[in-house]
Amino acid sequence: MDAESVVRKGLLRVVKPGRPVTAIAANSDRTSRPVADALLPLGATLVALLFAVLLGSSFARRPAGQKALWGAGFACFGIAAACEAAAQRAGWSEGLFKAYYAAGGVLTVALLGAGSAWLLLRPRARDMLLGGLLVAAVAGVVAVTLAPVDHSALASASGLRPPSNSVLRGHAFLWAIALNSFGTLFLVGGSLLAIARRQRVRTNVWIGAGALVVALSTGMSRAGTYSLVYAGELIGISMMFFGFRFAAAPPPKPEPARRYLIPAGSATQSRVT
């Protein structure tokens, strides 16, 4: 059988240069790349949720306000990272972007910073902190939920990176700025203050360095560089968690002083002359 007969019977197909030769080759890039791109945000999701569970378990054993706030902050971070991972596969929708913005842009840093503030404030100031944080968090989430969305800008956003803040219309961004500023002030400023006072130095070095890594990663995304953002988030929250674990661990109990009985008349017994 000659070559012309093979082509005519469909046993061999001639394609143009650069065209895929099989259906698998035509679709492989479309399916493999989004899966690979979603691995880092998915890893950040699992790590953050694991940290939230560990802090919640520690809170159940030994209740402490900072554990509850840090656990809630890591849970919100996990939700935001899960939204990013889902967008890698299906693209950004209005509901997905609002969940991402409320959890990651409004609540995460505020809750983590409130946990650090809990260690620095007196009981009366803690009550004021919780009241103000609750009111601001509810107001911020409601503002994000009710805010109109620029659907054309949302549809044009690539799944490889979150849409810009301008997609969300209205004044919801003001709550994000206020709560992030508050959280960063206590998260980084509190760590520096504690280090200067030589209080929990190792703990606060980890917390401050982790917060700085996350902040730099976010800054890179705003500058248009997104290649190392998810890796930076994963490393940053891991560093912060180690610091939180050091802070949450109870201080070691001093060993009780041992008493040694010295027999009367012993050569080691002191004499009074």
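Helices here are DSSP runs of at least four residues, numbered from the N terminus, and they are read from a predicted model.

**Exercise 1.** State which helix holds Gly-183, determine whether Gly-183 is buried or exposed, and find which residues Gly-183 touches beyond four places in sequence.

*Solution.* Begin with the location: Gly-183 belongs to helix α8. Next, take the relative accessible area, which is 0% for Gly-183; because buried means under 20%, Gly-183 counts as buried. Then turn to the surroundings, where Gly-183 touches Val-109, Ala-110 and Gly-113 once residues up to four places away in sequence are set aside. Finally, consider Leu-112, which is 71 residues from Gly-183 along the chain, although the C-alpha atoms of the two are separated by 6.6 Å.

**Exercise 2.** Carry out the corresponding steps for Ser-116, asking which helix contains it and which residues it contacts.

*Solution.* Ser-116 is placed in helix α5, and with a relative accessible area of 8% it is buried. Leaving out neighbours within four places in sequence, Ser-116 is in contact with Trp-70, Phe-186, Leu-187 and Phe-244.

**Exercise 3.** Check the length of helix α6 against the expected span at 1.5 Å a residue, and then describe what its buried residues pack against.

*Solution.* Helix α6 covers residues 123–146, and its 24 residues should span 34 Å at 1.5 Å a residue. The end C-alpha atoms of α6 are 35 Å apart, which agrees with that expectation. The buried residues of α6 are Leu-129, Leu-133, Ala-136, Ala-137, Gly-140 and Val-144. In an α-helix there are 3.6 residues a turn, so residues three or four places apart point the same way. As for partners, the buried residues of α6 pack against α4 (65–90), α5 (94–120) and α8 (172–196).

Definitions and conventions: Residues numbered from 1 in each chain as written. Predicted model: local features only at pLDDT ≥ 70, side-chain atom pairs only at ≥ 80, totals over all residues. Heavy atoms only, no water. Helix = DSSP H or I, 4+ residues; strand = E, 2+ residues; numbered from the N terminus. Expected span 1.5 Å × (residues − 1). Buried < 20%, exposed > 50% of the residue type's maximum accessible area, 1.4 Å probe, protein only. Contact = heavy atoms within 4.5 Å.
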